[in-house]
Amino acid sequence: MTPKGVSIMNYTETIRNYFENHNCEVYDSAFERDKLFPMIEPNTYGRILLRLEKDNTITCVSKGVYYINDGAECTQEKLLNYYTGNYSGMYICKSLFEKLGLIKKADDTITILSRKVKNNKNIGNIKIEKSDISIFMDYEINIFSFLEIFEHLRDGGTVDTNKLIEIAPGLIRNYRDDSFTEIIKSRKYHHSTILKYKNSLDSANIKNNVLKIFEKCGKYE
């Protein structure tokens with residue numbers, strides 16, 4: 001229920017004011033409510049968003065996802081930037097390999113990991129997988145990237161070997177055990193993938209506890 005003494009109009013204006021200061025942005029309502037408006041009861045929150053959609057303050061892009069109107073359209077680029085920008089997520093699977101130059105062209109589906117969703121979701125051809133990683137710094141992205149590559153190769157996938165040799169040193173640089181721990185708690189990888197990753201770190205004389213951490217904390221495929 002709405003707290004005593006606080007009207008729905010008060011909350012409506014609070015959210016409207018937020019939108020007015022964030023024109024031309026994507027808004028994932030479930031994620032943003034928990035972060036910005038936890039004091040608003042879910043049913044009340046839903047009615048407010050519906051009211052603001054009707055007066056054209058926001059436009060529904062997909063279930064629970066809105067675009068804060070500024071006269072422009074919500075583009076795929078804006079959606080991807082919202083879910084991956086500012087250390088919020090990253091590309092994975094073939095979408096990652098294309099970005100790294102390991103394959104020439106992925107399929108039409110763009111697959112990303114993001115901390116800015118409460119559950120997995122699809123928005124058009126964008127597939128978003130929920131991640132519990134609190135922030136995606138470069139070292140987390142590098143660890144994830146190498147694991148995704150090895151997992152792909154394990155499943156019979158192919159990549160540009162010359163390009164992989166070129167980018168590999170950058171992906172294993174700045175390895176951190178604490179980042180690896182958080183990553184393998186959040187996403188499943190095969191033991192063979194982890195072993196190949198450890199071998200790459202060992203070959204580069206990078207100190208690590210990959211196997212010990214995986215055996216203790218890992219989600220096994």
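This is a short tour of one helix and two pockets in a predicted model.

**Stop 1: helix α5**

Select residues 93-100, which form helix α5. Now pick out S95, L96 and F97; these residues are buried. What covers them? Show β4 (89-91), β5 (110-114) and α6 (138-154), which are among the elements that cover the buried residues of α5. Next, step to G101, just after α5. Its phi is positive, at about 80°.

**Stop 2: the second largest pocket**

Keep L96 selected and add G89, M90, Y91 and I141. These five lie nearest the centre of the second largest pocket. In total, 13 residues line this pocket. Its volume is about 200 Å³. Colour β4, α5 and α6: each supplies at least two residues of the lining. Then colour the lining by class. Eight residues are nonpolar, four are polar and one is charged.

**Stop 3: the largest pocket**

Move to the largest pocket, which holds about 270 Å³ of space. Select E25, V26, Y82, N86 and K116, the closest to its centre among the 16 lining residues. Which helix gives the largest share of the lining? Select α4 (76-84). Four lining residues come from α4, and that is the largest share. Add α2 (29-36), which supplies at least two residues of the lining as well. Colour by class once more. Here the lining of the largest pocket divides into seven charged, five nonpolar and four polar residues.

Notes: Residues numbered from 1 in each chain as written. Predicted model: local features only at pLDDT ≥ 70, side-chain atom pairs only at ≥ 80, totals over all residues. Heavy atoms only, no water. Buried < 20%, exposed > 50% of the residue type's maximum accessible area, 1.4 Å probe, protein only. Contact = heavy atoms within 4.5 Å. 1 Å grid on protein atoms, 1.4 Å probe; cavity = no way out; pocket = protein on both sides within 12 Å on 5 of 7 lines; lining within 4 Å. Points joined across faces, edges and corners; volume = space filled by probe spheres on them. Nonpolar A, V, L, I, M, F, W, Y, C, P; charged D, E, K, R; others polar.
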